[in-house]
Amino acid sequence: MQLTGFFGVLIPVAILFLLFLSGVRIVNEYQNGVVFRLGRFVGLKRAGFRWLIPFVERMVIIDLRTVARDVPPQDVITRDNVSVKVNAVVYFRVIHADKAVLQVEDYLYATSQLAQTTLRSILGQVELDQLLSERERINHEIQQVLDARTDPWGVKVSNVEVKHIDLPAEMQRAIARQAEAERERRAKIIAAEGEHQAAEKLSMAAKVLGRYPATLQLRYLQTLVEITTGGNHTILPIPLDLLRTLSGVKAHMERADDGHEDRRYTEDEEEGPPAGGLS
């Protein structure tokens, strides 16, 4: 009789204990729980020990950590009609767990599909040169569009990165030829600028040498030293004074010849027309 009474008390206690355990939930720090009571949303459960009414309440756990999802390679035709294949990665996180459950069936799948369509749409509006050189701006533009469209779902898109751009082989060769031509153009411009600067410096040096004749002698000696350091050479130095003297003599003789010719021309004019000529 006592044993029957003991089991009569133990069985209800065990049932209540099992019901209590069935309602126990543990929510992690990086999670939020969306609670439904008889199918109606009643609130959120934060991190810690939580208890739900068994068979009455149900809780959906939502992860609040940042999720990185690959966007599969997309065939994109740019604005200048170049076909490329582009893939990217999207970083997003849930900031409103209730919206992520109530407003969209599967926020992970929906965000991934939206990222694919947005990537094709944005890249189709830019040219190939912009896609290659302005990738940071394009990433920011895609992120803003995605963030605006996922905001009603309680999802925050923090970053979008275009990872790889697969160009056709013909386009790669064309870009290589363009880059080579650009390098050659820069080399020619740099060489021309160097010649221009060298000409200016030589002009300044000539003015200094003409103003101070002694510097020409020093430059002449320095040139002889540079020649002799290259190997065994036999050099017969000629004094610059001798060269200047010879140059002065030659100039004097040329002036004398010019004066003699001028005098002969003047004498011929003074003699007048030949005899028997018409006056």
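This note sets out numbered points on the architecture, core, cavity and backbone of a predicted model.

1. Overall composition. The protein comprises 279 residues, of which 22% count as buried. Its secondary structure consists of 8 helices and 8 strands. When contacts between residues at least 6 apart in sequence are considered, 61% of them join residues at least 24 apart.

2. The sheet. An open sheet is formed by 3 strands in the order 6-7-8, with antiparallel pairing. Strand 6 and strand 8 occupy the edges and have a single partner strand each, so one side of each is left without a neighbour in the sheet. On average, and with direction ignored, neighbouring strands of this sheet are turned by 25° against each other.

3. Pairing of strand 7 with strand 8. These two antiparallel strands are joined by 10 bridges. Two facing positions may be used to check the register. Tyr91 stands opposite Asn159 in strand 8, and Val90 stands opposite Val160 in strand 8.

4. Helices on the sheet. Helix 3 packs on the sheet, where it touches strand 6, strand 7 and strand 8. The direction of helix 3 makes about 35° with that of strand 6. Helix 5 also packs on the sheet, touching strand 7 and strand 8. For helix 5, the angle with the direction of strand 8 is about 140°.

5. Pairing of strand 6 with strand 7. Strand 6 and strand 7 pair in the antiparallel sense over 9 bridges. Within this pairing, Val67 stands opposite Phe92 in strand 7. The two strands form a hairpin with 5 residues between them, and in that hairpin Asn81 takes a positive phi near 60°.

6. The largest nonpolar core. This core contains 36 residues, and those touching the most other members are Val84, Val90, Tyr107, Leu131 and Leu146. At least two core residues come from each of strand 2 (31-37), strand 6 (67-77), strand 7 (83-94), helix 2 (97-102), helix 3 (107-123), helix 4 (128-133), helix 5 (135-150) and strand 8 (155-166). Helix 3 gives the most, with 7 residues.

7. Surroundings of Leu131. Leu131 is among the core residues that touch the most other members. With residues up to four places away in sequence left out, Leu131 touches Thr78, Val84, Val86, Leu123, Val126, Ile138 and Ile165. Val84, one of these contacts, is itself listed among the core residues touching the most other members.

8. The cavity. The structure holds 1 cavity of 30 Å³ or more. The space in the largest cavity amounts to about 50 Å³. Its lining is made up of Arg69, Asp70, Val71, Val90, Phe92, Leu108, Thr111, Ser112 and Ala115. Strand 6, strand 7 and helix 3 are the elements that give two or more residues to this lining. Helix 3 gives the most to the lining, with 4 residues. Val90 thus appears both in the cavity lining and among the core residues that touch the most other members.

9. Gln31 in strand 2. Gln31 lies in strand 2. Since the threshold for burial is under 20% relative accessible area, Gln31 counts as buried at 14% relative accessibility. Apart from its neighbours within four places in sequence, Gln31 is in contact with Ala47, Ile61, Ile62, Asp63 and Leu64. In the case of Ile62, the two residues are 31 residues apart in sequence and 5.6 Å apart in space, C-alpha to C-alpha.

10. Positive phi at Leu38 and Phe55. Most residues other than glycine have a negative phi. Leu38 has a positive phi near 55° and is not a glycine. This residue lies in the loop between strand 2 and strand 3 (40-45). Leu38 is exposed, with a relative accessible area of 69%. Phe55, likewise not a glycine, has a positive phi of about 65°. Its place is the loop between strand 4 (48-51) and strand 5 (57-63). Phe55 is exposed, with a relative accessible area of 76%. Both residues are nonpolar side chains by name, and a reader inspecting the backbone may wish to view Leu38 and Phe55 together.

Technical notes:
Residues are numbered from 1 along each chain as its sequence is written. This is a predicted model: local features need pLDDT of at least 70, side-chain atom pairs count only at pLDDT 80 or more; totals for chains, interfaces and linings use all residues. Side-chain values use heavy atoms; hydrogens and water are left out. A nonpolar core is a set of buried Ala, Val, Leu, Ile, Met, Phe, Trp, Tyr and Cys residues joined through side-chain atoms within 4.5 Å. Buried means under 20% relative accessible area, exposed over 50%, partly exposed in between (1.4 Å probe, protein chains only). Contact means heavy atoms within 4.5 Å. Two strands pair if DSSP finds at least two bridges between them. Axes are lines fitted to C-alpha atoms, for helices over the stretch in contact, and angles run from 0 to 180 degrees between N-to-C directions. On a 1 Å grid over the protein atoms alone, a cavity is a set of points where a 1.4 Å probe fits but cannot get out, and a pocket is an open set with protein on both sides within 12 Å along at least five of seven lines; lining residues have an atom within 4 Å of a point. Grid points are joined across faces, edges and corners, and a volume is the space filled by probe spheres set on the points.
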